[in-house]
Amino acid sequence: MNKTAYLNHDSDLRENCHQEPIAIIGMGCRFPGKADSPEAFWQLLSNGVNAVKDIPSSRWDLERYYDPNPTAGKFYVRSAAFLEPEEIEEFDAEFFRMASREAASLDPQQRLLLEVSWEALEHAGIAPTSLAGSQTGVFVGIHWDDYSAERFYMVNPSDLNAYPTLSNLRSLSAGRIAYVLDLHGPTLQVDTACSSGLVSVHLACQSLQNRESNLAIAGGVSLLLSPKLTVGFCQMNVLAKDGRCKTFSDSVDGFVQGEGCGMIILKRLRDALRDRDPILATIRSSAINHDGYSLTLTTPAIAAQESMLRQAVENAQIEPQQVQYVETHGTGTPLGDPIEVKALAKVLGQNRQNPLVIGSMKTNMGHLGAASGVAGLIKTVLSLQHNHIPPNLHFDKPNRRIPWHKLAVTVPTELMPWAENEPKLAGVSCFGMSGTNAHVILEAPPKPSQVELSTELIEPKYHLLTLSAKSEKALNALTQNYLTFLDTTEYSLGDICYSAATGRSHFSHRLAMIANSKAEIRQQLDSLVKGEKITGPIQGDTYGSVPKIAFLFTGQGSQYVDMGRELYETQPTFRRVLQQCDEILHSYLDRPLLSILYPNEPEDIINLTAYTQPAIFAFEYALAELWKSWGIIPDVVMGHSVGEYVAACVAGVFSLEDGLKLIATRGKLIGKLPQEAHGKMVSVMASEELINSAIAPYGTKVSIAAVNGPQSIVISGDSPSIDAIVTELQAKEIKTRELTVSHAFHSPLMEPVLKPFAQVAAEVTYCSPQIPLISNLTGEQVTDDVTTANHWVNHIRQPVRFADGMNTLQKMGIKCFVEIGAKPILLGMGANCLLDETEHYTWLPSIRTDAESSTLVESLAQLYVRGLKINWQGFFSSEHHRKVVLPTYPFQRERCWVEVQQERVARKSSKISAHPLLQERIYSSVLKPGEVQFEAYLAHNDLAGR
């Protein structure tokens, strides 16, 4: 039977959605041997590292509990696979919005689940906070509760408070993840003993296939905090005396205890392909069952294992011999290993060309309890990714109870290349001492070539790397982590920036860096780490209110050949909108807009008014749409002269088609004026009152064209009159500057165009603005007048009251101004209007003539560090980008730990109870003949009155 094709399985899935493959898109872990990430875990596995160590005194008192002979209350082992103390005892309570007392009371298994789930989501390139309100399910395997047993169940009831009452319920372990992330999908805790983690994965897959969840977080956790379980297992004689899990070896004598946490992120394959998620592997099928009645409750049943394997193979729609590797339960017990190998050989070992490879990560770090199944799954996913199978440790002599010569199975003793088979398939088994068994069949992910990449656009020259954290200390740590990461990574800078922006939650402390190479980014990070003051990185926090934004649309005079060409070549939104404008303007211009903006041969026709005004409109409208596609939506808009047409269109006063019709007609009519009507425009450094007096004698020939500031006035009119006025002003030592313009705009010379323009303006459909719009005519927020043709007729003739408009924006509480134009002209004028030193304003250009992309990206970075919510998917719109694995959040942990309070009512001997020191007699081979010792638990009041 051929495997189901990844991209052609829709019809099959309609018939049976329960056979739909599930993509594994992210993983997180805390395993012994400092395997605190999938990458570190793979290094441990591939290097054949044994993470089992001597039991540290910080965990248990060996002098108290160790006895080489298994006596009551003692254990005969000296080693296990533990996490580092800080991984268990410390926690970033502030990050998870938790009081320190609550965090200390909380079972560290639940703390691990919170951290590892967060890291698994980041590993998947998913910003965890983006899942709020989503149909995301949480499935957690957990079955020990040592922490609560010793700190809750065994304390005096009078010592209890509200925190441990809820903090130690295992049933809340999954619910706490859903609560913190505001997830609304199925959420449950699973306890089938050792198989809990893999059963959780099975249930998560079913939830996805049944459409209960659109995303699932699944896995397991187990910690060894009390020695009592070890004492009990030693009484059962199931632990390996030498501290080595010798799976499949002839010297098997039991398993080794371990602890850890593993979580994976799951999604329907079709959805993962659609969303271009990083697909690490796919789950082709899963199956669970129970041993039923067997020799004992905990004895494995070969018939049940065979039945489960057959079901998994059938669900995967594959042939049994197609499975190349199985990560076994492989505990290294004399009874369990032979049963498991024989079952595998019976179901998967027939008609094989190559032997079935089997292994067990328990040889590296022992039995991780409820986390063991998901640990084996993560190991197998990593093996598929790296195309190698790690060695099975301690396999010196094959187990004589297994008929190896009759079975098509083999055990790798060194790092083994994965055979070149298609499809690459592997199985993962996990059996619970409860009798519940689980098996998952994995397949290597679809090849990247199946995803079509667009080649239409050029990669932007400048990239924006954004980092954030909940504290300055955490941000500094993240900066250091990225510096280390960049020393070794081969990922492209574009992919790194894309993943950092789209795959991370953005917190209050923010850092943004603009660069065109990884080396430049690294240099900036290095300087920050060293505390050097450099230009480039933009840093800030968002504790203040997010600033309100005004878009300022530039007027005529900002145009130049090739303005925005770099954006046209690199930004699909800008390109699409300009092409749309070009198509609309075909009816109004005698040549294509794009040929005016970006001529193939050197040509300067863009300065002809008939082309200038529609070109400015189209350019600025496309630029505004680009900003909006990045999530930057203005709170208010204002233009200067022809810029008001664009502002009105953006505000919704008229459609793009009508806006282009108006501006093209305006430019065409003005462009046809006779040469003697061209006139002059002059900027004067004087008050409006003084200028009104100066131009009064020339009332029918000269007028004020713009009030750009308290001492910045533009006059416009016929050339002789303007020359005369300038001479008079200069005689009074008033500064003047003639402007380079094609016509005397906003002057009496515009009168001939008003009537024909009014006819066209009357044909336009007007609407009330959807965004506050500041009028050039009044300097105030527009009224219904803006929805009449008369407003736009008057706009040609009347002065631009820019300074009044800036004062209105100030009264509206605007603190951030973004200029939408080809040159930063209005920002300086605006800053001269708002001279209140008690207020801090932000002035951001969109483009500078010599730095288009870098200016735009730097302004976006400024908005980012000020707390604005950026649409990063819109910013990184090119399909060339892919999600890559980046450093995860650097939790700033502090010790959150409740010390064990020994039982006050000690386990007194039934024979000796006359004295508090004579409680429990110790029986040990280390005692001399005739020597008697007792063990007691004492509190201060136990000796009171004695």
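Mentor: A helix here is a DSSP run of H or I, at least four residues long, numbered from the N terminus. The model is predicted. Keep that in mind throughout.

Trainee: Which residue just after H16 takes a positive phi?

Mentor: Asn387 does, at about 60 degrees. H16 itself covers residues 372–386.

Trainee: How do you know what span to expect of H16?

Mentor: Take 1.5 Å times one less than the number of residues. H16 has 15 residues, and 21 Å is expected. From first C-alpha to last, H16 reaches 21 Å, close to that expectation.

Trainee: Is H16 mostly covered or mostly open, and on what count?

Mentor: Mostly covered: 13 of its 15 residues are buried. The cut-off for buried is under 20% relative accessible area.

Trainee: How confident is the predictor in the chain?

Mentor: The mean pLDDT is 91, and 92% of residues reach 70 or more. Over residues 449–454, though, pLDDT is below 50, and that stretch has seven contacts beyond near neighbours in sequence. Residues 902–913 also stay under 50, with 20 contacts beyond four places in sequence.

Trainee: Now the sheets. What makes S26 and S28 edge strands?

Mentor: Each pairs on one side only. Their sheet is open, has five strands in the order S26-S21-S20-S27-S28, and pairs in parallel.

Trainee: How do you know that S20 and S27 pair?

Mentor: Pairing needs at least two bridges. S20 (residues 548–553) and S27 (residues 814–820) have six, in the parallel sense. They therefore meet the rule. Within this pair, Ala550 stands opposite Phe817 in S27.

Trainee: Which helix packs on the sheet by touching S20 and S27?

Mentor: H23, residues 609–629. Its direction makes about 130 degrees with that of S27. H30 (residues 802–811) lies across S20, S21, S26, S27 and S28, and runs at about 170 degrees to S21.

Trainee: What is the strand order in the sheet of eleven?

Mentor: S6-S5-S7-S8-S1-S9-S16-S15-S10-S11-S13, in an open sheet with mixed pairing. S6 (187–190) and S13 (409–410) each have a single partner strand, so one side of each lacks a neighbour in the sheet.

Trainee: How many bridges join S5 to S6?

Mentor: Four, with the strands parallel. Two would satisfy the rule. Val138 of S5 (residues 136–141) stands opposite Thr187 in S6. Helix H6 (residues 108–123) lies across S1, S5, S7 and S8, at about 130 degrees to S1.

Trainee: On to rings. Why is the Phe91 and Phe96 pair classed as it is?

Mentor: Centres must lie within 6.5 Å, and planes under 30 degrees apart count as stacked. Phe91 and Phe96 have 5.4 Å between centres and 5 degrees between planes. The pair is therefore stacked.

Trainee: Are these two rings buried or exposed?

Mentor: Buried. Phe91 has a relative accessible area of 1%, and Phe96 has 4%. Both values fall under the 20% cut-off.

Trainee: What makes Trp627 and Trp630 a pair, and of which kind?

Mentor: Their centres are 5.6 Å apart and their planes stand at 75 degrees. Over 60 counts as edge-to-face, so that is the label for this pair. Both Trp627 and Trp630 are buried.

Trainee: How many aromatic pairs does the rule give?

Mentor: The count comes to 39. Ring pairs also link Phe91, Phe95, Phe96, Trp118, Phe507, Tyr889 and Phe891 into a cluster.

How values were computed
Residues are numbered from 1 along each chain as its sequence is written. This is a predicted model: local features need pLDDT of at least 70, side-chain atom pairs count only at pLDDT 80 or more; totals for chains, interfaces and linings use all residues. Side-chain values use heavy atoms; hydrogens and water are left out. pLDDT is the predictor's confidence in each residue, from 0 to 100. Contact means heavy atoms within 4.5 Å. Helices (H or I, at least four residues) and strands (E, at least two) are DSSP runs, numbered from the N terminus. Buried means under 20% relative accessible area, exposed over 50%, partly exposed in between (1.4 Å probe, protein chains only). Axes are lines fitted to C-alpha atoms, for helices over the stretch in contact, and angles run from 0 to 180 degrees between N-to-C directions. Rings of Phe, Tyr and Trp (its six-membered ring) pair if their centres lie within 6.5 Å; planes under 30 degrees apart count as stacked, over 60 as edge-to-face and the rest as tilted.
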